[in-house]
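User: Please take a close look at the sheet in this structure, strand by strand, and then at the enclosed space and the ring contacts around it.

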Amino acid sequence: MTATADYDSLARRLRALEDKEALRALMIRGWRALDRKDWQTWIGCWAEDAVLEFGPWEKIHGKEAVRAKVEEVESPYASMQHHILNMHVDVEGDRATGIGYMWFVAVTAPGSTSSPYSMGGPYDWEFRRGPDGWLLVRQRLGVWWTDGEDTLRAFA
């Protein structure tokens with residue numbers, strides 16, 4: 001193998017690692033913003049033509065429609081934690097796909113003895129790289145389990 005081939009191979013592998021880290025950082029930044037109800041930062045992770053598919057809801061098209069729906073249903077919770085578990089991404093050029101699991105916990109009355117509402121299920125993502133970096137294009141989210149009572153009926 002020539003020095004040029006070694007360098008090209010190294011450059012491809014480094015780019016793949018950088019892309020995977022950028023995608024992980026995008027999701028962590030966005031979902032931590034979601035927990036803080038920083039809707040602007042969270043929706044900044046989404047492409048204009050984004051699609052959200054979530055078990056109990058109809059398919060939502062467009063970045064602003066996604067923001068409006070999620071802000072409407074999650075705003076009433078006193079606090080939330082969105083966990084992304086077992087995240088894996090595959091990158092091919094300026095497109096990427098990913099999978100993971102959600103573990104969501106919501107609290108309506110902090111400090112009360114009632115249990116929080118929680119749910120979990122699979123994530124399935126599609127990403128696109130644009131001039132400003134990676135953005136989320138599609139998110140499919142299924143609900144495999146719930147625990148506690150969704151007293152706000154936000155996820156019905």
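Analyst: What follows goes through the strand pairing, then the cavity, the aromatic contacts and the backbone outliers.

This is a predicted model, in which local features need pLDDT of at least 70 and side-chain atom pairs count only at pLDDT 80 or more, while totals for chains, interfaces and linings use all residues. Residues are numbered from 1 along each chain as its sequence is written, and side-chain values use heavy atoms, with hydrogens and water left out.

Helices (H or I, at least four residues) and strands (E, at least two) are taken as DSSP runs, numbered from the N terminus, and two strands are said to pair if DSSP finds at least two bridges between them. Strands β3 and β4 pair in the antiparallel sense over 12 bridges, and the two form a hairpin with 2 residues between them, where G93 in the turn has a positive phi of about 65°. Within this pairing, H83 has W103 in β4 as its bridge partner. Strand β4 also pairs with β5, again in the antiparallel sense and over 12 bridges; here R95 stands opposite R128 in β5, and G100 stands opposite Y123 in β5. Strand β5 continues to β6 through a hairpin with 2 residues between them, and the antiparallel pairing of β5 with β6 runs over 8 bridges, with W125 opposite Q139 in β6. Finally, β5 pairs with strand β7 (residues 145-147), in the antiparallel sense over 3 bridges, where the bridge partner of G120 is W145. As background to such pairings, in a regular strand the side chains alternate between the two faces of the sheet.

The enclosed space comes next. On a 1 Å grid over the protein atoms alone, a cavity is a set of points where a 1.4 Å probe fits but cannot get out, and lining residues have an atom within 4 Å of a point; grid points are joined across faces, edges and corners, and a volume is the space filled by probe spheres set on the points. By these terms the structure holds 1 cavity of 30 Å³ or more, and about 170 Å³ of space lies in the largest cavity. Its lining consists of 17 residues, of which V70, E74, H82, Q139 and L141 lie nearest the centre. The elements that give two or more residues to this lining are α1 (3-35), β1 (46-54), α3 (63-74), β4 (95-107), β5 (117-130) and β6 (133-141), and β1 gives the most, with 3 residues. The lining residues divide into 14 nonpolar, 2 polar and 1 charged, where Ala, Val, Leu, Ile, Met, Phe, Trp, Tyr, Cys and Pro count as nonpolar, Asp, Glu, Lys and Arg as charged, and the others, Gly among them, as polar. Q139 thus appears in two settings, opposite W125 in the strand pairing and among the residues nearest the cavity centre.

Turning to the rings, those of Phe, Tyr and Trp (its six-membered ring) pair if their centres lie within 6.5 Å, and planes under 30 degrees apart count as stacked, over 60 as edge-to-face and the rest as tilted. The structure holds 8 aromatic pairs. One of them joins W42 and W46 edge-to-face, at 5.5 Å centre to centre and with 65° between the planes, and both W42 and W46 are buried, the word buried meaning under 20% relative accessible area, exposed over 50%, and partly exposed in between (1.4 Å probe, protein chains only). In another pair, the rings of Y77 and F104 have their centres 6.4 Å apart and their planes at 80°, so this pair is edge-to-face. Because Y77 lies in the loop between α3 and β3 (79-92) and F104 in strand β4, the pair ties together parts that are 27 residues apart in sequence. Y77 counts as buried at 1% relative accessibility, and F104 counts as buried at 1% relative accessibility. Ring pairs also link W31, W42 and W46 into a cluster.

Two backbone outliers complete the picture. Most residues other than glycine have a negative phi. K37, although not a glycine, has a positive phi of about 60°; K37 lies in the loop between α1 and α2 (39-43) and counts as partly exposed, at 26% relative accessibility. R153, likewise a residue other than glycine, has a positive phi near 55°; R153 is found in the segment after β7 and is exposed, with a relative accessible area of 59%.

Methods. On a 1 Å grid over the protein atoms alone, a cavity is a set of points where a 1.4 Å probe fits but cannot get out, and a pocket is an open set with protein on both sides within 12 Å along at least five of seven lines; lining residues have an atom within 4 Å of a point.
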